[in-house]
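Please open the model in your viewer and keep the selection panel at hand. The stops below are meant to be taken in order.

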Amino acid sequence: MIYDLHTHSNASDGSLDPDELLALAAQNNVDVLSITDHDTVSAYDRLGARQQGTPLLIPGIELSTTWAGRGIHIVGLNIDPASSTLCRGIVEQQAARLKRARKIADRLTRLGIDNPFDAVCEMAGDAGIGRPHFARHLVATGVTKDTATAFRKYLGTGKAGDVRSGWAELSEVIRWIQAAGGEAVLAHPAKYKFTATKLRCLIKDFVNAGGTAIEVISGQQDSATTKKLADIATDFELAASTGSDFHHPELSWSAPGRFPALPDNIETVWTSWQS
Ligand code: AMP
Ligand code: MN
Ligand code: MN
Ligand code: MN
């Protein structure tokens, strides 16, 4: 069984609409899929009555939060997308996103770039504005040759466009997920590039706030990373989750359902769903 429990549609910073994402996941033999857009559940409104069939769709979200001054992502799985607590949280997060987009635009303008705010608003449309929209704009206007360079020079950790303020606290986003009947999963723990001590410190806070699972597999990753994360899951009694973090079909290394298998005998987040 392939469980891809972390993917993005064009309701946030992915490029496929939710129906196209479902079709691609089916083509890649995904059995269970969650669309986990950044700070929105609008993919589930767009899918309407098409939630039956293969792959089985588990409602999800990826919420942004700040911990120790760094952006941390928490995935909520098996949520009720109509939960009023979650929806109120989403409204706050989207307001923070818009405010942050203005700050990013101001900072880039101060670096001599033409103010990109109107262009990224248009590009994002109904989706919340994220740094990838700024990256695409920097490429489209010839400021950088590709989006990787845009992140490296302008938008990545510690750069001018890395505006982190405004997200809800870690404990608050976990509370929203729980209020929506879901489980909180620490997303892509290896991506933060923390030391082992700092990562354990984050996980302690995550567990104390009610987090119950961790992505042991996030897209293509080496076996040493998998072993390290599986050991952490066992030590902290966290269930393991898996996902591609798929955004764009042209990035073939992060296709839906394409990631290494979990180690044997590990407790998974979906064990509790089968009863
Ligand atoms: P935001 O939600 O605005 O904080 O943007 C975060 C998103 O930017 C992530 O979910 C990725 O889709 C994308 N991203 C982060 N780092 C990079 C990078 N180095 N290159 C390309 N995309 C990135
Ligand atoms: Mn993204
Ligand atoms: Mn993420
Ligand atoms: Mn993601």
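Begin by selecting helix 3 together with helix 7 (residues 170–179) in this predicted model; the two helices pack at an angle of about 145 degrees, and their axes are 8 Å apart. To see what makes this contact, show the side chains of Thr85, Leu86, Gly89, Glu92 and Gln93 on helix 3, and those of Glu172, Arg175, Trp176 and Ala179 on helix 7. Sorted by class, the contact between helix 3 and helix 7 comprises three nonpolar, three polar and three charged residues.

Stay on helix 3, which spans residues 84–110, and select Arg97 within it. Is Arg97 buried or exposed? Its relative accessibility is 6%, and Arg97 therefore counts as buried, the cut-off being under 20%. Display the side chain of Ser64 as well, since a polar contact of 3.5 Å joins it to the side chain of Arg97. If neighbours within four places in sequence are left aside, the residues in contact with Arg97 include His38, Asp39, Gly128, Ile129, Gly130 and Trp167.

From Arg97, its contact His38 leads to the next stop, the manganese ion (ligand 2), for which His38 supplies NE2 as a donor. The other protein donors of the manganese ion (ligand 2) are Asp13, listed twice through OD, and His247 through NE2, and the protein donors lie 2.2 to 2.8 Å from the ion. Along the chain, the donors of the manganese ion (ligand 2) follow the spacing D-x24-H-x208-H. The pair of His38 and His247 links distant parts of the chain, 209 residues apart, with His38 in the loop between strand 2 (32–35) and helix 2 (42–47) and His247 in the segment after strand 8 (239–243). Both histidines can be checked for accessibility: His38 counts as buried because its value is 11%, and His247 counts as buried because its value is 17%.

How are the donor atoms arranged around the manganese ion (ligand 2)? Six donor atoms subtend angles of 51 to 159 degrees there, and the arrangement is therefore irregular. For reference, six octahedral donors would ideally give angles of 90 or 180 degrees.

Next, select the manganese ion (ligand 3), which is 5.6 Å from the manganese ion (ligand 2). Its protein donors are Glu62 (OE), His73 (ND1) and His188 (NE2), at 2.1 to 2.2 Å, and they follow the spacing E-x10-H-x114-H along the chain. Glu62 is in strand 4 (residues 60–67) and His73 in strand 5 (residues 70–77), 11 residues apart, and both Glu62 and His73 are buried.

Glu62 also leads on to the manganese ion (ligand 4), which is coordinated by His6 (NE2), His8 (NE2), Glu62 (OE) and Asp245 (OD) at 2.1 to 2.2 Å. The spacing of these donors along the chain is H-x1-H-x53-E-x182-D. Because His8 lies in the loop between strand 1 (3–7) and helix 1 (18–27), and Asp245 in the segment after strand 8, the pair ties together parts that are 237 residues apart in sequence. Both His8 and Asp245 are buried, and 4.7 Å separate the manganese ion (ligand 4) from the manganese ion (ligand 2).

Finish with Arg258, which is placed in the segment after strand 8 and counts as partly exposed because its relative accessibility is 40%. Leaving aside neighbours within four places in sequence, Arg258 is in contact with Asn28 and Gln220. A last distance to draw runs between the C-alpha atoms of Arg258 and Gly219, which are separated by 6.9 Å although they are 39 residues apart along the chain.

Definitions and conventions: Residues numbered from 1 in each chain as written. Chains lettered and ligands numbered in written order. Predicted model: local features only at pLDDT ≥ 70, side-chain atom pairs only at ≥ 80, totals over all residues. Heavy atoms only, no water. Helix = DSSP H or I, 4+ residues; strand = E, 2+ residues; numbered from the N terminus. Buried < 20%, exposed > 50% of the residue type's maximum accessible area, 1.4 Å probe, protein only. Polar contact = N/O pair within 3.5 Å; in protein donor to acceptor, adjacent residues only side chain to side chain. Contact = heavy atoms within 4.5 Å. Donors = N, O, S within 2.8 Å, 3.2 Å for Na, K, Ca; no water. Tetrahedral: all angles 85-135°; square planar, octahedral: opposite > 155°, others 65-115°. Axes fitted to C-alpha atoms, helices over the stretch in contact; angles between N-to-C directions. Nonpolar A, V, L, I, M, F, W, Y, C, P; charged D, E, K, R; others polar.
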